[in-house]
Amino acid sequence: MLRPSHFAAVLLFALFASTVFGITQRDTPPKMLRYGIYCFVLFAGSAIVLSWVMFLIAR
Amino acid sequence: MGTAPNKTTATGQTAQQGFVYLPLIAGWLVPGAGHFLVGKWGRGALLAVSIIAMFALGLAMDGKVYTGAQDILDLLGLVGDLGNGLMFFVSRAMGLGGDPVMFTTADYGTKFIVVAGLLNVISAVDAHNLRTGRKS
């Protein structure tokens, strides 16, 4: 039974989804890598930003 | 809408032989298999690892595998889960993912399983595009 933290779950989700997006949405390996990193940063970054927004709203 | 740049022979048949939907179907049934069939071993391996790991982590987090459609959300979840191909049917046969969701991370697990199915569909369509020549 696996109980990752919320942030670990976000990072795992971002890693796997970005890998698939990178490979399927671009034609060449360098573009795939760049797009995969871009998607990962957007996934993880948006989760961090939204977390801070919710934290500040809740205060 | 662009057309596939396949070379055609004088008889109008595509230059590539075989069943054109085979990578699509194989890619749906087994993650990455469609890419293996078109000779993209590295891409196929990365896709297989990503999708299978996401599905396995979803199950390990006590995620739920949808078995029926009681309402519209269940129906959407079932459609997403069906994208996992053989992994869905094997997990159903083994009785995995049948426990009710009790923890927040278990709900995350349910979403991991659904998203793994959706990513697998994207992967299978990509394999089909490679087979038809729409993508190189």
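**Exercises on a predicted two-chain model**

Leaving out neighbours within four places in sequence, Phe112(B) is in contact with Phe13(A), Met54(B), Leu57(B), Gly58(B), Met61(B) and Gly63(B). The model is predicted.

**Exercise 1.** State which residues of the largest nonpolar core touch the most other members, and which helices supply the core.

*Solution.*
- Step 1. The core has 27 residues, and Val20(A), Met54(B), Phe112(B) and Ala116(B) touch the most other members.
- Step 2. At least two core residues come from each of these helices: H1 (6-25) of chain A, and H3 (41-60), H5 (86-93) and H6 (104-132) of chain B.
- Step 3. H6(B) gives the largest share, 8 residues.
- Step 4. Apart from this core lies another of 6 residues, including Leu24(B), Ala124(B), Ala127(B) and Leu130(B).

**Exercise 2.** Describe the contact between chain A and chain B, and class the residues on the chain A side.

*Solution.*
- Step 1. Count the residues in contact: 14 of chain A and 21 of chain B.
- Step 2. Sort the chain A side by class: 10 nonpolar, 2 polar and 2 charged residues.
- Step 3. One contact across the chains joins Phe112(B) to Phe13(A).

**Exercise 3.** Summarise the fold of chain B from its helices, burial and contacts.

*Solution.*
- Step 1. Chain B contains 6 helices and 0 strands, giving the pattern α-α-α-α-α-α along the sequence.
- Step 2. Chain B has 136 residues, of which 43% count as buried; the cut-off for buried is 20 or more other C-beta atoms within 10 Å.
- Step 3. Take the contacts in chain B between residues at least 6 apart in sequence: 69% of these join residues at least 24 apart.

How values were computed. Residues numbered from 1 in each chain as written. Chains lettered and ligands numbered in written order. Predicted model: local features only at pLDDT ≥ 70, side-chain atom pairs only at ≥ 80, totals over all residues. Helix = DSSP H or I, 4+ residues; strand = E, 2+ residues; numbered from the N terminus. Buried ≥ 20, exposed ≤ 12 C-beta atoms within 10 Å, placed from the backbone. Contact = placed C-beta atoms within 7 Å. Nonpolar A, V, L, I, M, F, W, Y, C, P; charged D, E, K, R; others polar. Core = buried A, V, L, I, M, F, W, Y, C linked by C-beta atoms within 7 Å.
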